[in-house]
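Work through the following exercises with the sequence and the 3D structure at hand, and try each task before reading its solution.

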Amino acid sequence: PLLGVSKSYELLRRYLVLATASEPVKKLAVSESISLKEVLLLSKMTRAEQRAFVKLSERLQLGVNLRREFLHLLYEISRRDDIKITELLNRQEIAQILNSSQRLPKQVEDVRRVLRSWRYPELSDVEEKFHSLMRALKLPTGIRFQPSEFFEDGTYSLSLSIQTAEQLRSLLGELNKREARLSTLITTVND
């Protein structure tokens, strides 16, 4: 009550975990770059894993949301595959990205893509198949064709951006030319 914090065993437990956390984790918590919930997750890791995660987070300058996503992905992969997070982060795919001359946002996106592919291999395969087929389809500007989130229900949305009736006729003609390939794309991805 003196500190303006409500009485709660759970809150006390979280602060006790924070008190025993490694210095890099404490610094993140103090800077409010990480929630106590994530500190609890980090506390389930070894000190070496904590340091490796904080180092990656700082190297990629991850914001709160990406830091949370990366933490959960790494933790879940680590536990599922019974592999240390330090080993995951030392894999060649990650090292190549971090050692590349790519701009930071591209490195972040590439590391995220790799982590997601490790965590959700089947979804990643379907996404890659979809994007590959979409590139080959070469839809003109003004046509958007999107799958449902996570390809869950096999539905797609199609949207057209037009300003005139002539643009509408033109885009519908382009879709008509690609009908067979769109049908193949849907069948291939949904199988």
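**Exercise 1.** Find the elements against which the buried residues of H11 pack, and then describe how these residues are arranged on the helix.

Solution. The buried residues of H11 pack against H9, S1, S2 and helix H10 (165-177), where contact means heavy atoms within 4.5 Å. Helices (H or I, at least four residues) and strands (E, at least two) are DSSP runs, numbered from the N terminus. The model is a predicted one, in which local features need pLDDT of at least 70 and side-chain atom pairs count only at pLDDT 80 or more, while totals for chains, interfaces and linings use all residues. Residues are numbered from 1 along each chain as its sequence is written, and side-chain values use heavy atoms, with hydrogens and water left out.

Next, identify the residues themselves: Leu182, Leu185 and Val189 of H11 are buried (buried is under 20% relative accessible area, exposed over 50%, partly exposed in between, with a 1.4 Å probe and protein chains only). Seen down the axis of H11, the buried residues fall within an arc of 55 degrees, so they line one face of the helix; the arc is that of the directions from the helix axis to the C-beta atoms. On the other side of H11, Glu179 and Ala180 are exposed.

**Exercise 2.** Determine how many aromatic pairs there are, and describe the pairs that involve phenylalanine 145 and phenylalanine 130 or tyrosine 156.

Solution. Rings of Phe, Tyr and Trp (its six-membered ring) pair if their centres lie within 6.5 Å, and planes under 30 degrees apart count as stacked, over 60 as edge-to-face and the rest as tilted. By this rule the count is four aromatic pairs. In one of them, phenylalanine 130 and phenylalanine 145 are stacked, at 6.4 Å centre to centre with 20 degrees between the planes. Phenylalanine 130 lies in helix H9 (residues 121-137) and phenylalanine 145 in strand S1 (residues 143-147), so this pair ties together parts that are 15 residues apart in sequence.

Phenylalanine 145 is also stacked with tyrosine 156, at 5.2 Å centre to centre and 5 degrees between the planes. Since tyrosine 156 lies in strand S2 (residues 156-160) and phenylalanine 145 in S1, the pair ties together parts that are 11 residues apart in sequence. Finally, Phe130, Phe145, Phe151 and Tyr156 form one aromatic cluster, and phenylalanine 145 is buried, with a relative accessible area of 8%.
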